Amino acid sequence: SPRLRGSSLALVDLNAAGLSLIDKLARRLNQEWGAGLTIESSTEREQVLPGADFVIVSIEVGPREGLWRRDWEIPLQFGVRQPYGENGGPGGLAHTLRQVPAMLAIARDMERLCPSAWLISFTNPLPRLCLAVSRYSQVKNVGLCHQINIAYMLVGVALGDRLGVDVPPGVSSFAHPEIWPKANYVADQVKPLVDIKAAGLNHFTWIKALWDRRSGEDLYPAFRQALMDLPADFEPLTRAVFEATGLCPVPGDSHLAEYLPWCHDPQARPWEKYGLHLYDWTRASEERDRQWRSIAAMARGQAPVDDLKRTESEGALEVIEGLLGRGEVYRDAVNIPNRANIDNLPEGAIIEVPALVDQTGIHGRKTGPLPEAVAELCRREVAVAGLAVEAAATGSRQAALQSLLLDPCITDIDTARAILSAYLVEYADYLPQFQ
């Protein structure tokens, strides 16, 4: 970024070997691209936090795939089959209990060492961690996520001919990793052509308005019809919920399923009806190993790096530029506390809405109310998330149980108690707040 020349970039990772590779890669990019940054790295964040203006956080209390798999398997022992288990469902609670203490430890270090800095989070479960920082610290924070891209992909696939968008064959389900390069190719073409206004919760947002940027035409009616006319195997849950509520959900079937009460019934078997796919934990682990090999080759000068220039920042760069007063920046999705942005969701809940960013702050746009059926689904998740965060921050078993009892996956009190007990035993080493 020409606007950030002369800045200092400090890289932090507990993994010293990985940090060394990223440090070498960053220095190579800095030199070859003439970026003009000062670069340092440390395995101890306290060494580099003093004086920081922005702290970008993407962490996982790991091993990521191993723990996520167990988050899903443990409830299954008690008859609860989650559709995904990362950010919602019982797995979302277990994930929250592990992640919140780690995030709050960073926030407390920031309060001591860089109290005026912004925390920019890319860490799941994103709204719950943003809520924890907002509720239990004085740190300014914002959550960023790329899931809004699904909205552009949906529009591109449905209205490709009308918009003049090239849609490659085989873009059928966004749950499959091999689809993402094609889907991102579609989204990149659509973004300059349409204006999408979405609002709701992270991984649970809803398209409220859709316009053609060139003509100003309302495309929502045509989009609704075209989406419903697509083959039956294209995001069937998204389409069923769209038809039932009148608003199109954004996140794609896999994430959407985490927050709905209709995706776990063992008699209806919705995972078969809607083709819901679990996360491929083995493949994800293997892919990370492949990425480390690629990073190592680039860091050692054995592979080209210019493709990295085309990698989307997912908002961190633009938010930083805006907050530094380098021009007003519009972002179509940020996670911030609700300040009457969505009228019928609780004040202070972490919502995802469009925003303008300037040196006075991050200003969420007012999107008005959600339809009551959609708002009620979101309000339930707000309550589940709030209790999960309370449990994670304070070690309250009662709050953890109540969070489970409100979760749409749970239909029995004793089952909720059994799942919670099993989680607390399995993860005792990760959850000292409950000891």
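Let's start with a pair of helices: helix 2 and helix 3 (residues 89-113) pack with their axes 8 Å apart, at an angle of about 135°. Please keep in mind as you follow along that this is a predicted model. At that angle, helix 2 and helix 3 are oblique to each other, because an angle has to be over 145 degrees to count as roughly antiparallel. The crossing of helix 2 over helix 3 is right-handed. If you want to select the residues that meet here, take Leu67, Asp71 and Pro75 from helix 2, and Pro90, Gly91, Ala94, His95 and Arg98 from helix 3. Sorted by class, the contact of helix 2 with helix 3 has four nonpolar, two polar and two charged residues.

Helix 2 also has a contact with helix 15. Helix 2 spans residues 64-76 and helix 15 spans residues 413-426; their axes come within 9 Å and cross at roughly 140°. Helix 2 and helix 15 are therefore oblique to each other, and helix 2 passes helix 15 in a right-handed crossing. On the helix 2 side you will find Arg70, Asp71, Ile74 and Pro75, and these meet Ile419, Ala422, Tyr423 and Glu426 of helix 15. This contact of helix 2 with helix 15 has five nonpolar residues, three charged ones and no polar ones. Asp71 and Pro75 are worth highlighting: they appear in the contact with helix 3 and again in the contact with helix 15.

Now step back along the chain to the loop between strand 3 (54-57) and helix 2, where Pro63 sits. The peptide bond joining Gly62 and Pro63 is cis, with omega of about 10°. A second cis peptide bond joins Asn124 and Pro125, and there omega is about -5°. Pro125 has its place in the loop between strand 4 (118-121) and helix 4. As background for a backbone check, most peptide bonds are trans, and most residues other than glycine have a negative phi.

The sign of phi brings us to two further residues. Glu235 has a positive phi of about 40° although it is not a glycine, and Ala340, also not a glycine, has a positive phi of about 60°. Glu235 is found in the loop between helix 7 and helix 8, while Ala340 lies in the loop between strand 9 (329-337) and strand 10 (350-358). How exposed or buried is Glu235? With a relative accessible area of 2%, Glu235 is buried. Ala340 has a relative accessible area of 31%, so this residue counts as partly exposed.

Pro231 belongs to the loop between helix 7 (220-228) and helix 8 (236-245), where Glu235 is also found. Pro231 is exposed, with a relative accessible area of 52%; the cut-off matters here, because exposed means over 50%. To get a feeling for distance across the model, pick the C-alpha atoms of Pro231 and Ile39: they are 192 residues apart along the chain and separated by 50 Å.

Next, look at Ser137, in the loop between helix 4 (126-136) and strand 5 (140-143). Its relative accessibility is 8%, so Ser137 counts as buried. What does the side chain of Ser137 reach at 2.7 Å? It is the backbone oxygen of Val133. A polar atom of the Ser137 side chain also lies 3.2 Å from the backbone nitrogen of Val139. Leaving aside residues up to four places away in sequence, Ser137 touches Ala107, Glu111 and Ala132.

Our last stop is His203, in the loop between strand 6 (194-201) and strand 7 (204-212). His203 has a relative accessible area of 3% and is therefore buried. Which residues does His203 touch, not counting those up to four places away in sequence? They are Asn87, Asn124, Cys145, Gln147, Pro251, His255, Leu256 and Tyr259. With Asn87, there is a polar contact of 3.2 Å between the side chains. Asn124 may look familiar: it is joined to Pro125 by a cis peptide bond.

Note on methods
Residues are numbered from 1 along each chain as its sequence is written. This is a predicted model: local features need pLDDT of at least 70, side-chain atom pairs count only at pLDDT 80 or more; totals for chains, interfaces and linings use all residues. Side-chain values use heavy atoms; hydrogens and water are left out. Helices (H or I, at least four residues) and strands (E, at least two) are DSSP runs, numbered from the N terminus. Buried means under 20% relative accessible area, exposed over 50%, partly exposed in between (1.4 Å probe, protein chains only). A polar contact is a pair of N or O atoms within 3.5 Å; within protein, one must be able to donate a hydrogen and the other to accept it, and residues adjacent in sequence count only if both atoms are side-chain atoms. Contact means heavy atoms within 4.5 Å. Axes are lines fitted to C-alpha atoms, for helices over the stretch in contact, and angles run from 0 to 180 degrees between N-to-C directions. Angles under 35 degrees count as roughly parallel, over 145 as roughly antiparallel, 65 to 115 as roughly perpendicular and the rest as oblique. A crossing is left-handed if the near helix is turned anticlockwise from the far one by less than a right angle, and right-handed if clockwise. Ala, Val, Leu, Ile, Met, Phe, Trp, Tyr, Cys and Pro count as nonpolar, Asp, Glu, Lys and Arg as charged, and the others, Gly among them, as polar.
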